[in-house]
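Please open the model in a viewer and keep the selection tool at hand. The tour below proceeds stop by stop.

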Amino acid sequence: MINFYVLTLFPEMIVSGMNNSVIGRAIENGLISLEAVDIREYSTDKHLHVDDYPYGGGAGMVMQPEPVYRAFLDIKEKTGKKEIRVVYLTPQGKVFKQEMAQEFSKEEDIIFLCGHYEGIDERVLEMIVTDYVSVGDYVLTGGELPAMVMMDAIARLVPKVLNNDSSAELESFQGNLLEYPQYTRPAEFFGKKVPEVLLSGHHKNIEKWRREQSLIRTLERRADLLEKAELSKEDKEFLKKVEIERKKTE
Ligand code: ADE
């Protein structure tokens with residue numbers, strides 16, 4: 001069980017983005033909970049403003065510290081926790097990776113703080129943020145999509161969220177290898193046949209073929225991952241063979 005709280009100016013974006021498919025079902029089944037908290041509801045201003053001009057000048061608006069802090073205190077009180085992880089989504093953060101998802105999946109409560117405009121007043125960030133996280137080296141208009149990316153990656157690691165236990169471990173990045181290709185019916189599509197071995201019913205051969213496909217795929221698409229991958233002696237020998245073959249055809 002893990003409780004996600006999202007501090008945002010666009011709660012409906014979070015709710016509509018998360019209440020579908022696997023994650024929607026996980027919420028329904030009480031395996032995770034999700035609360036999108038509207039920062040605007042914590043504005044002290046009669047016009048419900050939550051942003052103001054930046055001190056020192058410059059373009060855009062900055063989100064004020066007070067509504068963010070009040071919203072945070074409300075959630076913290078609700079959890080009854082003395083300490084709580086607060087993730088601020090920012091391109092200035094540490095880049096989100098599978099290992100980070102694994103680490104966060106062990107928490108009971110996580111608050112995601114989503115900024116907009118030119119960001120949030122630095123003082124409240126200093127006061128409440130425990131983790132600065134980026135989803136990649138590009139700039140988005142707000143933290144909502146990154147928060148959803150993180151919640152999706154974390155939630156699927158929570159026990160029972162995926163119906164088959166093994167699939168969270170087996171696929172891409174666990175062990176730093178990419179997943180092997182998958183096929184389903186029909187056995188032939190526009191003249192393209194499903195690899196013969198998969199129709200053979202020979203489990204050992206299928207397993208070997210899949211492992212080799214994972215290795216080839218990682219070598220071709222994400223060679224950088226191979227340095228950290230857990231490789232057996234056979235894996236290394238196979239990769240060496242593939243590389244020798246490739247050099248011949250170059
Ligand atoms: N907010 C804007 N861009 C972002 C990014 N790349 N990662 C996380 N939060 C962001």
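Two strands are taken to pair if DSSP finds at least two bridges between them. The model on display is predicted.

**First stop: strand E6 and its partners**

Select strand E6, residues 109-113. Which residue of E6 is the bridge partner of Leu-7? The partner is Leu-113. Keep Leu-113 selected and add Tyr-88, for Leu-113 is also the bridge partner of Tyr-88. Next, display strand E1 (residues 2-8), which pairs with E6 in the parallel sense over five bridges. Then display strand E5 (85-95); E5 and E6 likewise run parallel, and four bridges join them.

Now colour E6 by accessibility. Five of its five residues are buried, and the strand is mostly covered. On one side, the buried residues are Asp-109, Ile-111 and Leu-113. On the other side they are Ile-110 and Phe-112, so that both faces of the strand are covered.

**Second stop: helix H2**

Move to helix H2, residues 21-28, and select Ile-23, Gly-24 and Ala-26, which are buried. Look down the axis of H2: the buried residues fall within an arc of 160°, and therefore they line one face of the helix. What do the buried residues of H2 pack against? Select helix H1 (11-18), strand E2 (32-38) and helix H6 (144-155) to display the elements that they contact.

Turn to the other side of H2 and select Ser-21 and Glu-28, both of which are exposed. Just after the helix, select Gly-30, which takes a positive phi of about 70°.

**Third stop: the salt bridges**

How many salt bridges does the structure hold? The structure holds eleven, and three of the pairs are visited here, followed by a network.

Begin with Glu-108 and Lys-81, which form a salt bridge whose closest N and O atoms are 2.9 Å apart. Glu-108 lies in the loop between helix H4 (98-104) and strand E6, while Lys-81 lies in the loop between helix H3 (65-79) and strand E5, so the pair ties together parts that are 27 residues apart in sequence. Lys-81 is partly exposed, with a relative accessible area of 30%.

Next, select Asp-235 and Arg-211, a salt bridge in which the closest N and O atoms are 2.7 Å apart. This pair links distant parts of the chain, 24 residues apart: Asp-235 belongs to helix H10 (residues 233-249) and Arg-211 to helix H8 (residues 203-221). Is Asp-235 buried or exposed? Asp-235 has a relative accessibility of 6%, and because buried means under 20% relative accessible area, Asp-235 counts as buried. Arg-211, by contrast, is partly exposed at 33%.

Remain in helix H10 and select Lys-248 and Glu-245, which form a salt bridge with closest N and O atoms 3.2 Å apart. Because they are three residues apart in the helix, Lys-248 and Glu-245 are separated by about one helical turn. Lys-248 is exposed, with a relative accessible area of 61%, whereas Glu-245 is partly exposed at 44%.

For the final selection, choose Arg-85, Glu-103, Glu-107 and Asp-131 together. Salt bridges that share partners join these four residues, Arg-85, Glu-103, Glu-107 and Asp-131, into one network.

How values were computed. Residues are numbered from 1 along each chain as its sequence is written. This is a predicted model: local features need pLDDT of at least 70, side-chain atom pairs count only at pLDDT 80 or more; totals for chains, interfaces and linings use all residues. Side-chain values use heavy atoms; hydrogens and water are left out. Buried means under 20% relative accessible area, exposed over 50%, partly exposed in between (1.4 Å probe, protein chains only). Helices (H or I, at least four residues) and strands (E, at least two) are DSSP runs, numbered from the N terminus. The arc is that of the directions from the helix axis to the C-beta atoms. Contact means heavy atoms within 4.5 Å. A salt bridge is a side-chain nitrogen of Lys or Arg within 4 Å of a carboxyl oxygen of Asp or Glu.
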